[in-house]
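Got your viewer open? Let's take a walk through this one together, one selection at a time.

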Amino acid sequence: MTKWNDLLEKNGKVPPWPYPIRYDEEHEIDTDILVIGGGIAGCWAAISAARNGVKVAMVEKADTIRSGSGGPGCDHWCVTPANPHSKVDPDDWAKRLVEHPVHAGQPPTEPLPLAYSNGIGTQIQCREDFDTLLELEQMGGKIRDVDDEYVGAEGRYDDTKFMFSPRMSPNHATEVTIRVWGTTFKPALKKECQRLGVKIYDRVMVTSLLTEGGVQGAKVVGATGFNDRNGEFMVFKSKAAVLATAGNSSLWFLNTELAGYNTFPNSRTKCGDGMSMAWKAGAELTLMEQTGMHMIGTGLKHTWYGGSGDASFENLQQVDAHGKKLPWPLQGWPDGGDMRPSPEGMQKIIQGIKDGTYALPFYGDFPAMPDIERRVTWELMLGEESTTKNITNSYEKAGFNPAKHLLMNFLLMEGNGPANWRTSGAGGLTVDWDLKSSLDGLYVAGGQMFAAGDHSYAASTGRYAGRKAAAYVKQTGESKISRDQVTLEKARIYAPIKRSDGVDWKELHAGIARAMQYFCSEYKTGLLLNMGLDALKEIEEVFVPRLYALDPHKLMRSIEDLCLLTHGQIVLNASLARQASSRPLNFFRIDYPEVDPPDWNKFITVKLENNKVKTGEMPLNYWGDMKTNYEARNKDYTGVYKGK
Amino acid sequence: MPQKQIYALPNIVSPANPVIFNPDICNGCNTCVEVCQIDVFIPNPEKGKPPVILHPDECWYGGCCVNHCPLPGAISFNWPVQQRAYWKDKATGKVLRDSQ
């Protein structure tokens, strides 16, 4: 008996809500630094701030022990040019990454004509990623083959027992990406937070940033939130806050019927909360007009890593139905771990399918791999990466044996999703060299800043933001929160629980997604984008007042919908502001068809001032010389933590 | 045939069983309830029993519930039918599927 309706059938009644309901209670927490989001970036920010001797509170919607995109695991520590086996200089590598942004696999060989990168975060990552990894080892994270399980694997160094991935390292030219045992990371990070006295508030959703005097654009002095199990209201007062929330994977699309939220690359906890609260507080954002395509995991497609060919399937030859090798990258050392064929290569494969050269279905030929490499890919990479352990374990239980079986590749059989099923792009908050946002008292870490990277980027920028926020706190005064702002927010948050009928969170989410599909999709015009703003305004004015939530969990989902709504509004405003088309931004306006005209090769920024949208711009390299500026601001950097 | 009580239930949220508990092994410690990112489970009102799957439609198959479980075998994955993989035996050419 495990389903709620089983209980209903057994007892003749619905089970009661299992947690005490405390909607009327309010708690105020006073801290030096408030970390919003307890994922990889948040934990690292909290640890680094606490090590700098300030009082830290960290708020997390789930349980910090396994929360966030990196909670289940991680197999690649991607950007460690400062490691002892690296063949590249960290500053050179940072420059190269900024010129060749990495989307999947290796950067292109030639510099891109135009790249929307983040030179600040990338420089920090290249300088400090390896130190961050070593600190992780101090905490109990496993980062090398200490048990000698993979002696003889290509890329393993016997002296340090580090294991390198071919990613971004064609024929070992760079050795910058280290294979790691990431399922050990999150519990180690939570334990370290606890050891350092970080106050962790799990199962609390932050709903708004509080600003001095409640004024938009003023210094951030705290935040509000509520417990998503018991409904209790929380007010946090802080001298500085680090925003370490995540992006958003479902603004254009909702479907939970086919395979739950397995239909998205990320869990529901990622729905633009951070961007939404920062926007309302008056913070500046950029790249919000960029979008991507749902590659896999759209509900009508296979789950992440469920078929061969996704990111962690390294050194695995793809073959056709008759065993013929496909001109598809191996994700191995010869191709630097490249994940997909070039557009021309893909066209050749598709043509080959049509003319009978290659027979569907395609497979990943595990049995053809040398035993040691097969174990590395199947056990280490797939076993340690994010949500993939459930795949290796359950497939094995069902009889799959990589020494005997070829795993089907579903990518081409599934076809492309509709163009209006989109994902958010690399939009986020703008930052300075301290990773401070445009608002005083608000720092940013990981995926919440624009053009952010992956797991190790979140870790190293979190660690950096925590350090800088701690330094700021030591020279700033006490904060004062505006009671009026808290009262207004409390009324907004609790509105859905006062109703027991109307529009539920799923219906509202799907309605917001449909507006985005219609008015902010493959091809855009000013007319459509303005209709999109009108559509979201209508949802806000007509349907949000009907939103109802029967318990604190559904209240969380409902408030997340309001974040989605705000996120949609930001995207539409940013899309209106860019009056040109752009290939790297996957942004095409029918009314401004010229693609990447030189005048528009710049960051477009958006923010609220007195609740009016204000747009601006920044040059693509607004961060200046990366090496010089990093060094000027980090003279006191002490490297790997040596404290107790 | 003895008649089972039939209730007027709406369609059950699908997929309903992202995981399957083994009540002989699970001791109701609720570790999975705590580590789940999105609160798919609630504790069973009856102490010591496996948790109740309340929000299967929000499950993203992140795997923490199974991988973090202190009692191996107490909880196992159950992929929705449409998400089950296919593979091929290299020696025989037979195409197989996760059909446990």
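Here is a tour of a predicted model, stop by stop.

**Stop 1: the two chains.** Colour chain A and chain B differently and look at where they touch. How many residues does each chain bring to the contact? Chain A puts in 70 residues, and chain B puts in 55 residues. Together the two chains bury about 5200 Å² between them, and 55% of that is on carbon and sulfur atoms. Now pick out T2(A), E9(A) and N390(A): this trio supplies 11% of the area that chain A buries against chain B, more than any other three residues.

**Stop 2: the charged and polar links.** Zoom in on the boundary. Between chain A and chain B the count is seven salt bridges. To see one of them, show the side chains of K90(B) and D365(A), which meet in a salt bridge at 2.8 Å, N to O. Across this interface there are also 25 residue pairs in polar contact, with both residues at pLDDT 80 or more.

**Stop 3: the pieces of chain A that do the touching.** Select residues 4-11 for α1, 389-397 for α9, 405-409 for β13, 505-519 for α13 and 552-577 for α15: each of these elements of chain A supplies at least two residues of the side that touches chain B. Which element gives the most? That's α9(A), with seven residues. Try colouring this side of chain A by residue kind, and you'll have 28 nonpolar, 24 polar and 18 charged residues.

**Stop 4: a sheet shared by both chains.** Switch to cartoon view and select β13(A) along with residues 86-89 of chain B, which form strand β5. Three bridges join these two strands, and they run antiparallel. For a spot to click on, L406(A) stands opposite K88(B) in β5(B). Now widen the view: an open sheet of five strands runs in the order β11(A)-β12(A)-β13(A)-β5(B)-β6(B), with antiparallel pairing. Where are its edges? They are β11 of chain A (318-319) and β6 of chain B (95-97), each pairing on one side only.

**Stop 5: the domains of chain A.** Finish by hiding chain B. The domain assignment of chain A gives domain 1 at 318-414 and domain 2 at 483-619, so select each range in turn. The C-alpha centres of these two domains of chain A lie 38 Å apart.

Definitions and conventions:
Residues are numbered from 1 along each chain as its sequence is written. Chains are lettered from A and ligands numbered from 1 in the order in which they are written. Side-chain values use heavy atoms; hydrogens and water are left out. Contact means heavy atoms within 4.5 Å. Buried area is the accessible area (1.4 Å probe) that two parts lose on being put together, summed over both. A salt bridge is a side-chain nitrogen of Lys or Arg within 4 Å of a carboxyl oxygen of Asp or Glu. A polar contact is a pair of N or O atoms within 3.5 Å; within protein, one must be able to donate a hydrogen and the other to accept it, and residues adjacent in sequence count only if both atoms are side-chain atoms. Helices (H or I, at least four residues) and strands (E, at least two) are DSSP runs, numbered from the N terminus. Ala, Val, Leu, Ile, Met, Phe, Trp, Tyr, Cys and Pro count as nonpolar, Asp, Glu, Lys and Arg as charged, and the others, Gly among them, as polar. Two strands pair if DSSP finds at least two bridges between them.
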